[in-house]
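Please study the sequence and the structure shown below before attempting the exercises. Each task is followed by a worked solution.

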Amino acid sequence: METSNKTITNPYLSTPFQPNVPTLWNSISSATIITILLKLITSNKHPSSSRPLSTAAIIASFIAIIPRLRHYFATHKRRSLLNQLASTKITQRNVKRDTLRPLVQMSLPLETSICKLMAYELLEKMRNKTLKCETIVRAFCSRALRLGEITSGKYIKSERCSAKCSL
């Protein structure tokens with residue numbers, strides 16, 4: 001088994017994601033103020049024209065939407081990087097599971113019979129030499145490996161489903 005000494009650093013783990021987006025009310029009020037100011041400035045140049053109002057409204061809407069666009073692209077970049085890191089970790093985990101599986105996997109009835117015993121029963125069977133410590137450890141490792149695959153598979157599927165449903 002080859003172990004890689006590469007460490008993947010996740011810059012997002014130590015810092016919480018805090019979006020820098022104004023509220024809708026702030027966007028509307030700032031756009032209105034900018035529109036009024038641009039109207040006052042341009043009305044002195046063209047007193048009879050109503051065109052500057054539409055130009056001012058367009059400029060104000062662009063100014064108001066810029067923070068939202070920045071937030072969208074930052075969120076998209078963050079999500080894609082985290083998905084890439086997650087897929088790398090899942091691949092590493094699956095490689096580890098594949099190397100452990102032949103070492104710890106045992107038959108389901110034997111695993112179940114060992115894992116349902118209480119601690120004092122396990123100690124008694126170890127003292128009587130009917131079970132080895134290695135067999136008990138293999139049984140619990142086999143169960144952890146099997147149940148880990150089942151539960152993580154359901155978690156990953158539900159995450160993909162919720163990501164698709166939110167789009």
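The exercises below concern a predicted model.

**Exercise 1. Describe the overall fold of the protein chain.**

Solution. Begin with the secondary structure: the protein chain contains five helices and zero strands. Along the sequence, the pattern therefore reads α-α-α-α-α under the helix and strand assignment used here. Next, consider burial: 16% of the 167 residues count as buried. The accessible surface comes to about 13400 Å², and carbon and sulfur atoms account for 64% of this surface. Finally, consider contacts between residues at least 6 apart in sequence: 73% of them join residues at least 24 apart.

**Exercise 2. Identify the residues of the largest nonpolar core and the helices that supply at least two of them.**

Solution. The largest nonpolar core consists of eight residues: Met-106, Ile-114, Cys-115, Leu-117, Leu-122, Leu-131, Ile-136 and Ala-139. Helices α3 (108-115) and α5 (133-166) each supply at least two residues of this core. As a general background, nonpolar side chains tend to be buried together in soluble globular proteins. Now take one member, Met-106, and set aside its neighbours within four places in sequence: the contacts that remain are with Glu-111, Thr-135, Arg-138, Ala-139 and Ser-142.

**Exercise 3. Determine whether Phe-62 is buried or exposed, and state which surface patch it belongs to.**

Solution. First, locate the residue: Phe-62 lies in helix α2, which spans residues 51-104. Its relative accessibility is 55%, so Phe-62 counts as exposed, the cut-off being over 50%. Phe-62 then joins Ile-58, Ile-65, Ile-66, Leu-69, Tyr-72 and Phe-73 in making a nonpolar surface patch of about 730 Å².

**Exercise 4. Explain why Cys-115 forms no bond with Cys-141.**

Solution. A disulfide requires two cysteine sulfur atoms within 2.5 Å. The closest cysteine sulfur to that of Cys-115 belongs to Cys-141 and is 9.5 Å away, which is too far for a bond. The structure as a whole holds zero disulfides. As for accessibility, Cys-115 is buried, with a relative accessible area of 12%, whereas Cys-133 is partly exposed at 47%.

**Exercise 5. State what sign the phi of Lys-129 has, and where this residue lies.**

Solution. Start from the general expectation: most residues other than glycine have a negative phi. Lys-129 is not a glycine, yet its phi is positive, at about 65°. Lys-129 lies in the loop between α4 (119-127) and α5. With a relative accessible area of 72%, Lys-129 is exposed.

Note on methods: Residues numbered from 1 in each chain as written. Predicted model: local features only at pLDDT ≥ 70, side-chain atom pairs only at ≥ 80, totals over all residues. Heavy atoms only, no water. Patch = residues over 30% accessible without salt bridge, like charges linked within 9 Å, V, L, I, M, F, W, Y side chains within 5 Å. Areas by Shrake-Rupley, 256 points an atom, 1.4 Å probe, with all protein chains shown as cover. Salt bridge = Lys/Arg side-chain N within 4 Å of Asp/Glu carboxyl O. Helix = DSSP H or I, 4+ residues; strand = E, 2+ residues; numbered from the N terminus. Buried < 20%, exposed > 50% of the residue type's maximum accessible area, 1.4 Å probe, protein only. Core = buried A, V, L, I, M, F, W, Y, C linked by side-chain atoms within 4.5 Å. Contact = heavy atoms within 4.5 Å.
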